Each structure stands twice: as structure tokens, then as C-alpha cells.
Amino acid sequence: MEQGVKEMGTAYAGSAASAEDASTVFYNPAGLSLLQGTQVSAGVHFIKTSFKFTNQGSTTALTPLTGEGLTGNNGGDAGSWNTVPFGYFATNLDNGVSLGFGVGVPFGLATNYNPGWVGRYHALRSKIITINLNTSIAYAVTDKLSVGAGFDAMYVKGEFSQAIDFGTILAAAGDIPQRDDGQVDIDADDWGYGYNLGVLYQLSQTTRIGASYRSRVYQSLSGTADFTVPATARAILSALPAGSVPQFQDGAAGAHVTLPDSATLSFYHEIDSRWALMADVGWMDWSTLKELRIQFSDPTQPDSVTTLKWKDAWRFGLGASYRATPQWDLRFGTMYDQTPIRSAEFRTPRLPDQNRVWATLGTSYHLTKAFDIDLAYAHLFMVGKARTTMDATGENTDLGGLKGSYDNMGDIVSAQINYAW
């Protein structure tokens with residue numbers, strides 16, 4: 001949702017109905033019909049995440065035999081500062097048609113754990129970057145009704161690393177579990193394509209509703225896998241019969257991912273010349289992500305599988321804006337934001353997400369009639385405790401059973417400039 005700063009000031013309430021600047025290209029292309037002349041908006045979100053794990057009895061597939069659980073530290077703070085830029089352009093052609101173009105980052109994550117942490121066989125470093133190019137067109141069917149549509153070209157790049165427990169994999173050949181770690185680094189990318197639709201209806205001069213839909217985007221990522229194999233494990237592998245075990249050779253790797261479709265229904269109402277209220281209901285089809293399966297070009301190398309089984313997620317937001325002076329606008333908002341991860345069994349350390357409540361503040365300063373600056377801040381209050389109980393069973397028994405809880409936090413600081421002519 002981090003595509004506009006005015007919208008963040010109201011916790012994205014009314015995002016598909018407010019249409020206050022060119023960022024409506026993303027939130028609802030039909031909103032382009034409300035903009036006058038030509039406008040540009042550009043800004044950046046600075047997102048600070050914090051993910052702190054506490055181990056609570058993690059085990060390995062051999063724990064029933066050896067009595068030893070997963071060893072290692074808690075991983076430090078896996079969160080970081082992330083920069084999310086965006087830019088949008090909109091123009092009204094005065095014949096009922098409006099055009100728009102935008103560049104944004106609709107999906108992304110980053111986590112980075114200390115090398116020797118207890119969950120190293122599940123994840124060390126994870127990073128997903130997307131860049132979405134969005135062209136849009138809107139048409140004012142009547143004075144009250146506008147419709148819009150857009151085309152999306154989305155680039156996705158993924159970087160994943162994790163430790164490999166060669167000691168457990170080769171225990172039958174004399175290696176020592178958790179004492180002979182290697183690593184794999186995977187880097188892959190792809191372009192995918194989708195579309196977005198929107199409708200905006202003016203109930204009165206002061207009240208309007210908007211609805212928007214963004215399609216799924218199918219990505220077939222391809223890239224490379226770089227294995228680091230310690231000397232002891234390499235010697236054992238080379239002595240084993242060819243084809244009896246994977247050789248962990250560098251080569252090609254890839255994954256198929258379907259990024260979810262989403263829908264938003266928004267309400268916007270001006271109480272008087274100073275106050276406006278907004279409300280928002282959003283849905284995202286995260287159930288498209290059943291698993292993260294990384295496949296390798298080496299036929300002896302088994303797939304690396306992380307079972308996700310994510311569920312569809314909803315968000316509910318309320319917001320308000322206040323014209324304090326002719327130069328200053330103030331904004332407030334709150335949102336309940338549901339996680340797609342419903343079970344501790346499927347909470348991966350690559351993204352230990354949980355339900356959250358947003359509290360946001362925002363302001364705009366109108367330097368001139370044509371130029372203004374937006375600022376906003378959001379704090380994400382996490383609901384309950386994020387737990388993980390990932391098993392040491394299934395297709396990757398050498399990962400170990402990661403069990404523990406997370407202490408998570410999120411803050412966003414944002415700035416945007418707008419110019420109209």
C-alpha cells in the first residue's frame with residue numbers, strides 16, 4: 001500500500017475514493033477523472049522493521065536419537081531500514097479522458113539473521129524487490145460516474161540464503177550433525193504482467209465511493225544457486241557412489257510464484273469545508289502462495305520447499321483530514337491489518353508476519369497553489385505474540401524443527417512532493 005503519503009496519513013482509509021493526487025494511478029485509476037490539468041507526485045517511504053527471535057526448544061530430525069536440539073544464538077534483530085520510492089504522473093485531456101503513469105514498489109521484504117543463529121537452516125538472508133510500471137486511463141462516463149483501467153509490468157528479484165547441515169545429511173557416512181555447515185545462495189528474477197480496474201461514483205458534491213481491483217501477477221523466476229561446501233563434507237561426497245546423494249554443485253535455480261490479486265472498497269465524505277472522513281475495506285488473495293519451491297538444474301538436487309499455506313487477508317481502516325489553515329492540512333488514521341499467516345506451523349523466519357494495528361499521522365503544507373509537500377508517520381502495533389513451530393519433517397528434514405517466538409515492530413516515515421499545472 002505504500003504508494004502515496006497523503007493516503008498513509010489516513011492509514012489508507014479512502015484510498016480508492018479520495019483521489020487527491022497522481023498516486024490514484026495505483027489506488028484507483030478512475031480517480032484520475034477528479035484531477036485537474038497535469039500533476040506529478042514523487043516520494044519515498046523509509047520503513048524500519050524489527051524481528052527478534054527467542055528460541056524455545058528447537059529440535060532436529062535426530063533429536064530423538066541424540067538428545068541434542070538445534071544449536072545457535074537467537075539471530076539478533078533480523079529487521080532493517082528499507083527505502084521504498086515511488087513516482088506518479090497524471091493528465092486530464094478535457095474530453096472526459098485522463099491518462100496516468102506510475103512507478104512503485106508493491107511487494108517486498110528483507111530479513112537478515114546472524115550467521116550462527118538457531119534457525120540458520122531455514123533462513124539467513126531473504127530479500128525480495130519489485131518494481132511495478134503502471135499505465136492507466138480513466139473516462140468520465142457522466143458527471144457522477146468514472147471508470148478506469150491500467151496495465152502493469154512488474155519486475156521481481158529474489159535473493160535467498162540459508163545454511164546447510166551437512167553434518168546431519170552425511171551423518172551415516174561419519175559426519176557430525178550441526179558441526180559441518182555449508183551454505184546456499186540463490187539469486188533469481190523475472191518480469192510478470194497484470195492489470196488493474198477501478199470505478200468511482202459521486203453520491204453528492206461531498207460524498208463519493210470508489211472500488212478498485214488489481215490482478216494476480218504470475219512470476220517464473222530464474223537465476224543461479226551458489227553452494228558453499230565445507231572440506232569435510234566435500235571429501236565424503238566425493239567418496240560416495242555417483243548419484244547416491246546430491247553433490248551440491250553450482251548451477252541454475254528457479255521458482256514459480258503467483259503474486260496475489262487484491263480489491264478495495266472506499267468511502268470519502270466531506271463534513272464541511274474543513275473536515276473529511278474516510279473508510280476502507282481491503283482484501284488480498286494471499287492464498288495464491290501455497291509454498292515456496294526452489295528447483296535446481298542438477299537432477300540429483302532435491303527441491304528446497306518452504307510450506308506456506310497462506311490465507312486471504314483483510315484490512316479495515318478509518319481516517320480523517322482537517323484543514324487547519326489555508327496552508328496546512330492534518331490527517332489521522334488507524335487500520336486493522338490481518339496477516340495471511342494463520343498458524344505458527346507455517347510462520348517462516350523469512351517473514352515472521354503477524355496481525356497488526358496501524359496508527360498514523362500526516363500533514364500537508366501548501367507552499368503555492370501548484371506545489372505542496374506531504375509528510376506522514378505510521379507505527380505498527382503487533383497483535384499478540386508471533387510464534388513459529390516449523391517441523392523437522394516433510395521434504396526438508398535436515399532443516400530442523402524451529403520453535404520459538406518473535407518480538408516484532410514496524411515504523412514508517414514518509415515524504416512526498418506534488419506539483420500541478
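Trainee: In E15, which residue is the bridge partner of Met284?

Mentor: A bridge is read by naming the residue that stands across from a given one on a paired strand. In this predicted model, Met284 has Ala313 of E15 as its bridge partner.

Trainee: How many bridges join E12 to strand E15, and do they run parallel or antiparallel?

Mentor: Ten bridges connect E12 with E15 (residues 313-323), and the two strands run antiparallel.

Trainee: What joins strand E11 to strand E12?

Mentor: Here, too, one looks at the bridges and at the direction of the strands. E11 (residues 262-270) is linked to E12 (residues 275-284) by nine bridges in an antiparallel arrangement. Within this pairing, Phe267 lies opposite Ala279 of E12. E11 and E12 form a hairpin, with four residues between them.

Trainee: How many helices and strands are there in the protein?

Mentor: The protein contains five helices and 20 strands.

Trainee: Why does the radius of gyration of the protein agree with that of a compact globule?

Mentor: One compares the value with that expected for the chain length. A compact globule of 421 residues would have a radius of gyration near 22 Å, and the protein has 24 Å, which therefore agrees. Along its principal axes, the C-alpha trace spans about 80 × 35 × 30 Å.

Trainee: What percentage of the residues is buried?

Mentor: Buried residues, those under 20% relative accessible area, make up 52% of the 421 residues. The accessible surface of the protein is about 17,900 Å², with 61% belonging to carbon and sulfur atoms.

Trainee: How many Å apart are the mean positions of the positive and negative charges?

Mentor: For the 29 positive and 40 negative charges of the protein, the mean positions are 5 Å apart.

Conventions
Residues numbered from 1 in each chain as written. Predicted model: local features only at pLDDT ≥ 70, side-chain atom pairs only at ≥ 80, totals over all residues. Heavy atoms only, no water. Pairing = 2+ DSSP bridges. Rg over C-alpha atoms; globule rule 2.2 N^0.38 Å. Buried < 20%, exposed > 50% of the residue type's maximum accessible area, 1.4 Å probe, protein only. Areas by Shrake-Rupley, 256 points an atom, 1.4 Å probe, with all protein chains shown as cover. Lys, Arg positive; Asp, Glu negative; His and termini not counted. Charge placed at Lys NZ, Arg CZ, Asp CG, Glu CD.
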